[in-house]
Amino acid sequence: MTRLDEIKKRIEASTPGPWRKEGNGAVWGPCGDTGSMRVAMVGYASFDESNTNFIAHSSTDLPALVEVVDAARDCLESADGDGRHRLEKALAEFEKGEAK
């Protein structure tokens, strides 16, 4: 299983988004037709608004990035020259966990 397959599996197993944040460090996701449930909580001792934003947006950001990686792999088949080399290198680094 590739790293991308593992990410897709985690996305599929998570509570569907979009998620939303609250000022107290809670992140909420949809539950049923009209309800919501807390999907994450940033601890009060280390509460940081940027962490809460990151977690809340991950439910939509990660699936979007997975689509880009899939599209890049599709493009790799027709790429040539420097573009192909850069894309192959970036995808290899991603699979090894070395992408920045």
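Biologist: Let me start with one residue: which residues does Ser-59 touch, not counting those up to four places away in sequence?

Modeller: Ser-59 touches Gly-17, Pro-18 and Trp-19. Bear in mind that this is a predicted model. Ser-59 itself sits in helix H2, which covers residues 49-76.

Biologist: Is Ser-59 buried or exposed?

Modeller: Buried means under 20% relative accessible area. Ser-59 has a value of 14%, so Ser-59 counts as buried. Its side chain also has a polar partner: one of its polar atoms lies 3.5 Å from the backbone oxygen of Ala-56.

Biologist: You mentioned Gly-17 and Pro-18. What is the peptide bond between them like?

Modeller: First the general idea: most peptide bonds are trans. Here, the bond from Gly-17 to Pro-18 is cis, with omega near 0 degrees. Pro-18 is found in the loop between H1 and S1.

Biologist: Which residues line the largest pocket?

Modeller: Ser-59 is one of them, and the lining also includes Gly-17, Trp-19, Ile-7, Arg-10 and Leu-62. The volume of this pocket is about 180 Å³. Helix H1 (3-13) and H2 each give at least two residues to the lining, and H2 has the largest share, with four residues. Sorted by class, the lining holds six nonpolar, five polar and one charged residues.

Biologist: Now the strands. How should I read a sheet?

Modeller: Strands of a sheet pair through backbone hydrogen bonds, and the pairing can be parallel or antiparallel. In this model, three strands make an open sheet in the order S1-S2-S3, with antiparallel pairing. Its edge strands are S1 (20-21) and S3 (35-41), each pairing on one side only.

Biologist: How many bridges does each pair have?

Modeller: S1 and S2 are paired over two bridges, while S2 and S3 are paired over six. You can follow this residue by residue: Lys-21 stands opposite Val-27 in S2, and Ala-26 stands opposite Met-41 in S3.

Biologist: What joins S2 to S3?

Modeller: They form a hairpin with three residues between them. Look at the sign of phi there. Most residues other than glycine have a negative phi. In this turn, Gly-32 has a positive phi of about 70 degrees.

Biologist: Could we look at one residue in S2? What does Trp-28 touch?

Modeller: Trp-28 lies in S2, residues 26-31. Leaving out residues up to four places away in sequence, its contacts include Pro-18, Trp-19, Met-37 and Val-39. Glu-22 is also among the residues it touches, and the side chains of Trp-28 and Glu-22 make a polar contact at 3.3 Å.

Biologist: Then how accessible is Trp-28?

Modeller: The partly exposed class runs from 20% to 50%. Trp-28 has a relative accessible area of 22%, so Trp-28 is partly exposed.

Biologist: And where is Val-39?

Modeller: Val-39 belongs to strand S3. At 25% relative accessibility, Val-39 is partly exposed too. Apart from neighbours within four places in sequence, Val-39 contacts Thr-15, Trp-19, Val-27, Trp-28 and Gly-29.

Biologist: How should I think about separation along the chain and separation in space?

Modeller: Give both numbers for each pair. Val-39 and Ala-26 are 13 residues apart along the chain, with their C-alpha atoms separated by 7.8 Å. Trp-28 and Ala-71 are 43 residues apart along the chain, and their C-alpha atoms are separated by 30 Å.

Technical notes: Residues numbered from 1 in each chain as written. Predicted model: local features only at pLDDT ≥ 70, side-chain atom pairs only at ≥ 80, totals over all residues. Heavy atoms only, no water. Buried < 20%, exposed > 50% of the residue type's maximum accessible area, 1.4 Å probe, protein only. Contact = heavy atoms within 4.5 Å. Polar contact = N/O pair within 3.5 Å; in protein donor to acceptor, adjacent residues only side chain to side chain. 1 Å grid on protein atoms, 1.4 Å probe; cavity = no way out; pocket = protein on both sides within 12 Å on 5 of 7 lines; lining within 4 Å. Points joined across faces, edges and corners; volume = space filled by probe spheres on them. Nonpolar A, V, L, I, M, F, W, Y, C, P; charged D, E, K, R; others polar. Pairing = 2+ DSSP bridges.
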